[in-house]
Amino acid sequence: MEPASRAYQRIIMSEDLRSNAQQLYQQLRDEAEEQGMDYDEVKRRHCQEFENLYLPQDLKVICDMLEHGYSMREVTEAYTDQNLFARDIKVPELVKIYEDKVLSRVNDERKKRSGQEFDRARNAYEAYRQNNGNKYDDHDDAYQDYREGEVIIAMMVKDGYSEQTIADVLEARSDYDSAYIKSIMEKCGHVKQAYLDIRNAPDTLDDARNGYDVYRIFAKRYMDRTGAKLLNYDDDIGIVKDMKEQEFPEELLQNVLLHASPVAKEPGRNPSEYVKALLAGEEDREELKEAIDEPVLTCEEQYKDLIEEYDKDLKERGHLMGIQNADRPYYDCLAVRELLSRHYMDDEIMQALNEQSGVAASTRPNYALWLVEKAKKLLKKEQNLLHEKLPDIQKGLTYAALAASGISAAVIMASILRERLALNPSLEQHLFAAYLDKDLAEACLNRYPDFDKEALAGALADSPRAIILSGSRLPEEEQYAEHVIQAAEKRLESHHKSVEQQKSIFEEFNKQHGLAYQGVAPQDNLSAFHCGRTALQMMLKGYEPLAIREAILATETPDDRLPETFADEILERTHQVYDRLMRIKNYHPEAAPKPQREDAKSFYERGIYEQYQKRHFIKSSMDVDVVKAMLAYGKFNGREIREALQELSPIAIEPGRDASYYQKYVLPNAKNRLMDEKDKLNQYHPVPRKLHADTAQEEYAYHRSRIQDAIDLPYNPQMDALIAETMLIQGFAPPDIAEAMQNESPCRGEQSDYGVVLINHARFQQANDEEQQEEERGASRVRTYTDTVEEVTEEVTTTTTTETTIVSDS
């Protein structure tokens, strides 16, 4: 193999570089002569122009030689010996800075060369598109710009593909015309520029040039703290929270978010609506925090208060003995209905009943469970009567005609109830009242003389009053008429509060529904996914599930399911999501868990908790990151990983989430990310910087930090081996390197000679490489590389060499 120094000297001098250098020399000679200055001093003043001239060519030659088998040590030595920048700018400090700048870019340049950019970009585009299809089971064409923008922005900002390459992929892989491609690329270009502005923002607020820089500084700090590569709605909420803590006015926040937030500029978003949703969402979180901090009564205390209230009410109405044992099941059912409305759990309610209901608990087996199930049935029946969509009933027809058209007795009775509610709205809260069934039955028989009595009896048997009385053994006739009139007055008084509460629930539901779309193409009817997100936010704000169910019933369902079926399915899954989210939030990691004792579920739980602690919300990409870490850890099989995610992930069970979420989305992406990180490690070379630390321990810490920042894998001996080879190139003494690794490496474990073994291996590898290179230099057959480095030719040569003329300004 041709000596590295000679190869570097030969390859560096292209005709273009030679010509451009001569032009620069002549320009600077003329300037020195006109100003009467020393020529070398003029060159030093123009050192940036020399850097612009030589850096791209130096970077190209270094990567060419590494690809052709030269070691990093040989290349860096040859580069130092043949450094054209150093020959022109004879200032050692500037030369060291320049050399480190070139070497620091080697890994990125090699990554770009590792494959065909177009093929990689095309594969990345298809993978992102597939992921969008696998995330959710409901799709909307109105989201085209937004979802296409998601893909393009990720490729631009996160993956670093050029805009031209992405445009070529769009043209080759989609049905979009050139006008649409140009439009979407321009929009995404604005987003990319917003991220560049954040990256280049000043470090301190004192250096901010305007209000936009203020946002960018906070966004930069947030991204550095959380490790986020791309921002989303929840990230912007976190940034706004940080800014509000510094007491920046809302007028400033509105303006800077509108013009500086990358998320606000995303295609498909309405920037103004997004900022409104953002500021409203941040206020919601603050209200939620305050609500969580407020003290609440226990279920047992609430139950006792309700029973005391019912007892007092009876005594005030003349029943001096209050609630008797025979009456207790009736009033217990009322109390359970109220406790369910206040969001207490079934187990809490049953425990309160078992401990506080006295003799009544012994009147039947599973007394508490029986009451809870009955109260739930009562509440659902009330909601169905109030909010379920009913068919139109044509006036003037007989009961027989209506029944022949498929309209049941229960529907007729519910329709009459709706009419009564229009006149007496307070009945909404008292559908189980003693007189109501009598009134409805009277209205049915009065309006339809041919009403079938058996059908009417069947409808009444399933009324709220029938449900609450079932099994209570309450003598219906006693005291019935007496308390109806008194109760009616109280109900009217309580109605105004009820109306406001109901209005608040619907307004909150509609508000959260709008926020769930984050400014992206909201739609009138609910998708399962967005309905689940809305229900979860209302649960987190303390609304009881039955109130949320009421709001869902009042909206249009996205498919042919019955409204009550849709609402119950959404709430059931949202309950599960809520429980899992609370488990993550309340997770308490062990002080120092030993990896060998940690099973897959514990690993996932710890990993998702760490992700939550960084950003205070959960999203699907966090599942991918945790599963990637589990795969990299190498201790769990596929079944264990799948079961851990399916049992613990809140995202996996969200309403509207595809049942194959893990198999089609999480696992393939985790594997791809793991493979990408392994490829990055195989391409990675720690840079043998000139301005290195004084001690081996400090330099080892520097290289370890850089490699951990660059490679998202568990730290392993391969990384230590790369660092050892680089530190030998830098000239550190082998015993010092070994000691640093023995003391600081996370891989050393219980091995007392870890550092010595590693450095001996590195020295052996280095000596082996040098011996092999020396043998190749002495051979009569020498490999020579063309300047293009795209093909390699071999030619027979003698040991006589010809010197290559380098650029000279003489």
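Biologist: Why does Asp625 count as partly exposed in this predicted model?

Modeller: The relative accessibility of Asp625 is 24%, and since buried means under 20% and exposed means over 50%, Asp625 counts as partly exposed.

Biologist: What makes Arg673 partly exposed?

Modeller: Arg673 has 22% relative accessibility, and because the buried class requires a value under 20% and the exposed class a value over 50%, Arg673 likewise counts as partly exposed.

Biologist: How do you know that Asp625 forms a salt bridge with Arg673?

Modeller: The closest N and O atoms of Asp625 and Arg673 are 2.5 Å apart, and the rule asks for a side-chain nitrogen of Lys or Arg within 4 Å of a carboxyl oxygen of Asp or Glu, so the pair qualifies. Asp625 lies in helix 31 (residues 620-633) and Arg673 in helix 33 (residues 661-683), so this pair ties together parts that are 48 residues apart in sequence.

Biologist: Why is the contact of Asp88 and Lys43 called a salt bridge?

Modeller: The side chains of Asp88 and Lys43 meet at 3.4 Å, N to O, and because the cut-off is within 4 Å, the pair is counted. The pair links distant parts of the chain, with Asp88 in helix 6 (residues 84-88) and Lys43 in helix 3 (residues 39-45), 45 residues apart. Asp88 and Lys43 are buried, which means that each has under 20% relative accessible area.

Biologist: What makes Glu598 and Arg606 a salt bridge, and are they buried or exposed?

Modeller: Their side chains meet at 2.8 Å, N to O, and since the rule accepts a distance within 4 Å, Glu598 and Arg606 form a salt bridge. Both Glu598 and Arg606 are buried.

Biologist: How many salt bridges are there by this rule, and which residues are linked in a network?

Modeller: The count comes to 41 salt bridges, and Asp197, Arg209, Asp213 and Arg216 are linked in a network of them.

Biologist: What makes Glu301, Asp305, Glu308 and Glu309 a patch of negative charge on the surface?

Modeller: Asp and Glu count as negative, and patches are made of residues with over 30% relative accessible area and no salt bridge, like charges being joined within 9 Å. Glu301, placed in helix 17 (residues 299-316), has 38% relative accessibility and counts as partly exposed, so Glu301 passes the 30% cut-off.

Biologist: How much of the chain is buried?

Modeller: Buried residues make up 46% of the 810 residues in the chain, which has 37 helices and two strands.

Key:
Residues are numbered from 1 along each chain as its sequence is written. This is a predicted model: local features need pLDDT of at least 70, side-chain atom pairs count only at pLDDT 80 or more; totals for chains, interfaces and linings use all residues. Side-chain values use heavy atoms; hydrogens and water are left out. Helices (H or I, at least four residues) and strands (E, at least two) are DSSP runs, numbered from the N terminus. Buried means under 20% relative accessible area, exposed over 50%, partly exposed in between (1.4 Å probe, protein chains only).
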